[in-house]
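Work through the following exercises with the sequence and the model at hand. Each task is followed by a solution in steps.

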Amino acid sequence: MTTDAFSSMLKQLDKAAQSLGYSREEYEFLRHPEKELTVSFPVVMDDGSVRVFTGFRVQHNSHRGPYKGGVRFSPSINREEVKALAAWMTWKCAVVNVPYGGAKGGVICDPKELSVGELERLTRRYTVAIMPLIGPDKDIPAPDINTSAREMGWIMDTFSVFKGNTTLGVVTGKPVGLGGSVGRREATGRGVLYTTLEVSKKLGIKPEETSVAIQGYGNVGSVTAKVLAESGFKVVAVSDISGGIFNPEGLDLGSINEFLAENPKSTLKDYAAPNISHITNGEILTLDVDILIPAATGGQITEQNANQIKAKVIVEAANGPTTAEADEILEAREIHVVPDILANAGGVVVSYFEWVQNLQSFFWNEQEVNERLEQIMVRSFANVWSVSKEKGVSMRNAAYMVAIDRVISAAKTRGFNL
Ligand code: NAD
């Protein structure tokens, strides 16, 4: 039986905490989010009707700093998934050692069915509904699936209007002209590149001899594809929710991006070019490639397909793409998995840079942002890799061990007495 995302997270937590020698009593507080808020709010639709939407904001842990985590718009989002995503943010911030806790938010909606005006009203109503929980020193949202700089600008504006002063630091991933950081949009993909380069060095993999398949071609997947190709990797397959395209000789990413930009309502299933075959989202995961990068949604690599995966390395750009059962199969098959909480942490690292720049009202250039991002990703990878070798555990378990140790130490230092 496949476990849900929150149960998968608990399994990973239990395993790492026990490997560290902590008793259940010492880490029980991490098995529960600190706060969970479910909100329902009305939105006036373009035809004058009123629809009620439901959303969530879950704050998992704040021992190391304010809560931090994205906001996802999706028809399938549910509270258990948001709880798991919030906990993964706690581990992610700890593994790269940025001074935040973890949170996540979401609204049950299908943005494809909403006009820009409806989306704006929904985003602003959701902001008001979660306003008691957020703030630049409390909880700082950011983009996630189906949200981007535009939605972050609306959240910042709504919060500022209600507070009576412009508060740039309440969200990250904002438009650059509105206090956003240069390099934030590309940060998660660049972070995936840096961790892919590091694992390649460790395993003696040469980029120019290496084929890569990427599931998901949104913000994270498309930037990852671009920067990997620029570094010499051969990106042979990419997919979006409509399916994938595959060319064993390597894809022409420039032509794909041009097609999508010129046809904003199109998906990859509409793209045609010589030597391209169309494949399903299931098929992309089991292609005969060297590196597989899930960059779409959670629960894609399961006990049903884990045995068919041919890649030697999986770099998890998405959050929670591998179920706990699949993880055991991959570990037994000695497939190297660079876990999500490390591989996709570039986004939160540059979110942290954006927040720091907002608090200081002093902005950095793109080179400074990218160099500092690279330093943190390379250092964090090296830390996790060495724990994995020293303790003889998977990179996932090692990343959890690094993260959980930091969170438990911070909590113990603060103490639980009031
Ligand atoms: P996005 O909305 O920009 O893109 C999502 C992509 O995945 C799209 O191409 C979409 O068509 C595809 N997709 C969605 N559902 C799918 C499915 N069921 N099967 C196959 N493809 C599907 O979102 P994003 O910001 O690129 O986020 C992608 C993943 O990366 C998510 O798991 C997110 O949590 C994670 N992530 C994002 C950031 C960030 O900075 N945006 C940071 C860390 C992790």
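**Exercise 1.** How many salt bridges are there between domain 1 and domain 2?

*Solution.* The model is predicted, with local features needing pLDDT of at least 70 and side-chain atom pairs counting only at pLDDT 80 or more, while totals for chains, interfaces and linings use all residues. Residues are numbered from 1 along each chain as its sequence is written, and side-chain values use heavy atoms, with hydrogens and water left out.

Step 1. Take the bounds, which come from an automatic or database domain assignment: domain 1 is 22-180 and domain 2 is 185-338.

Step 2. Apply the criterion for a salt bridge, a side-chain nitrogen of Lys or Arg within 4 Å of a carboxyl oxygen of Asp or Glu. Between domain 1 and domain 2 the count is zero.

**Exercise 2.** Describe the interface of the two domains.

*Solution.* Step 1. The C-alpha centres of domain 1 and domain 2 are 27 Å apart.

Step 2. With contact taken as heavy atoms within 4.5 Å, seven residues of domain 1 touch four residues of domain 2.

Step 3. The two domains bury about 390 Å² between them (accessible area, 1.4 Å probe, lost on being put together and summed over both). Carbon and sulfur atoms carry 45% of this area. On the domain 1 side, Trp-88, Lys-92 and Ile-145 lose the most area to domain 2, together 57% of what that side buries.

**Exercise 3.** Which parts of the chain does the salt bridge of Arg-121 and Asp-46 tie together?

*Solution.* Step 1. The salt-bridge rule gives a count of 24. One of them joins the side chains of Arg-121 and Asp-46, at 2.8 Å from N to O.

Step 2. Arg-121 belongs to helix α4 (residues 116-130) and Asp-46 to the loop between β1 (35-44) and β2 (50-61), so the pair links parts 75 residues apart in sequence. Helices (H or I, at least four residues) and strands (E, at least two) are DSSP runs, numbered from the N terminus.

**Exercise 4.** Place Phe-29 and list its contacts beyond four places in sequence.

*Solution.* Step 1. Phe-29 sits in the loop between α2 (24-27) and β1.

Step 2. Leaving aside neighbours within four places in sequence, Phe-29 is in contact with Asn-61, His-63, Ala-411 and Phe-416.

Step 3. For Thr-188, 159 residues away along the chain, the C-alpha separation from Phe-29 is 29 Å.
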